[in-house]
Amino acid sequence: MTLHAVTCSADNPNKPWIVWLHGFLGSHQEWLEISPHFCGWPQLLVDLPGHGGSAGITAKDFADVDNRLRATLNSYNILNYWLVGYSLGGRVAMYHACQSESHGLRGLVVEGSHPGLQSENEREARALGDARWASRLRDEDLPAVLNDWYWQPVFRSLNAQQRQDLVALRSQNDSRSLAQMLEATSLARQPDLREPLSQLAAPFHYLCGERDEKFRAVSKELACPVTLIPGVGHNAHRDAPSAFSSALLTLFRHYDL
């Protein structure tokens, strides 16, 4: 089954596609303020399982999500592409890039995303934490759960208005679909991708908010160039779309795309 996606036509359709993958709780709409900066490239804005137009689509694990992504790319005859993924979307992108059949992938850009846990204790703790969140998503009022979600340390850079806006926006989601996807793609179930990422033939770049302390630390563990987006936290593309777009355009021009 293919995923719901939206295309953006290009000034130059012969360029590689940019395939955008949103984070947990998001949708393809995350990229609507970003995509006009990239009108020179054909673009595909994907809704991951359990989100947006793919809310009714379930996935068992990362391999299942990857299979659905591949089917979606094939359905649009996308054979030459860069993946740009934020948070969960970045983890899906990294997993995809590390599979041997990813022949059409020309480059990988990840924003604020984790390559995988390295110890069994970390995996057990994360599995328990994600199971608790999934249970709350199934059993409690969604806005209340989201309010607590956005008080997690990784979101400490949010001010009160930003947090309120995110809760209102994300409350449009289907909570049971979110719970299923959270469990299927828990960081506890993701392989540690550091080694295969270090051996990628395609370019790999990492973008991160300057105030995102957790993922700035994560980025130092990766064998790839890192670009910091000034003055913002974990969701850099949302909080500073112009700066994010400028950084990504600079990267693409480096490869003469």
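These legends describe close-up views of a predicted model.

**View 1. The annotated domain spans residues 16-217.** The UniProt record, an unreviewed entry, lists this stretch as "domain: AB hydrolase-1". Helix makes up 41% of the chain over residues 16-217, and strand makes up 14%. The C-alpha atoms at the two ends of this stretch are 31 Å apart.

**View 2. The largest pocket has a volume of about 650 Å³.** Its lining consists of 35 residues. Nearest the centre of the pocket lie Ser87, Arg126, Trp149, Val154 and His234. Three helices each supply at least two lining residues: helix 2 (88-97), helix 3 and helix 8 (213-219). Of the elements, helix 3 contributes the most, with 5 residues. The lining of the largest pocket is mixed in class, with 14 nonpolar, 11 polar and 10 charged residues.

**View 3. The second largest pocket holds about 360 Å³ of space.** Among the 20 residues that line this pocket, Ser27, Gln29, Glu30, Leu169 and Arg170 are the closest to its centre. Helix 5 (160-170) and helix 9 (236-239) are the elements that give two or more residues to this lining. By class, the lining of the second largest pocket has 6 nonpolar, 9 polar and 5 charged residues.

**View 4. The largest cavity encloses about 50 Å³.** The whole structure has 2 cavities of 30 Å³ or more. The residues that line the largest cavity are Tyr150, Phe155, Ser157, Leu158, Leu166, Gly233, His234, Asn235 and Asp239. They divide into 4 nonpolar, 4 polar and 1 charged. His234 lines this cavity and is also one of the residues nearest the centre of the largest pocket.

**View 5. The second largest cavity has a volume of about 30 Å³.** Phe24, Leu25, Trp133, Leu137, Val145, Leu146 and Trp149 form its lining. Helix 3 (120-139) and helix 4 (142-149) are the elements that give two or more residues to this lining. Helix 4 provides the largest share, 3 residues. The lining of the second largest cavity has 7 nonpolar residues, with no polar and no charged ones. Trp149 belongs to this lining and is also among the residues nearest the centre of the largest pocket. Helix 3 likewise takes part in both places, giving residues to the lining of this cavity and to that of the largest pocket.

Definitions and conventions. Residues numbered from 1 in each chain as written. Predicted model: local features only at pLDDT ≥ 70, side-chain atom pairs only at ≥ 80, totals over all residues. Heavy atoms only, no water. UniProt positions renumbered as here; feature names shortened; annotations may be inferred. Helix = DSSP H or I, 4+ residues; strand = E, 2+ residues; numbered from the N terminus. 1 Å grid on protein atoms, 1.4 Å probe; cavity = no way out; pocket = protein on both sides within 12 Å on 5 of 7 lines; lining within 4 Å. Points joined across faces, edges and corners; volume = space filled by probe spheres on them. Nonpolar A, V, L, I, M, F, W, Y, C, P; charged D, E, K, R; others polar.
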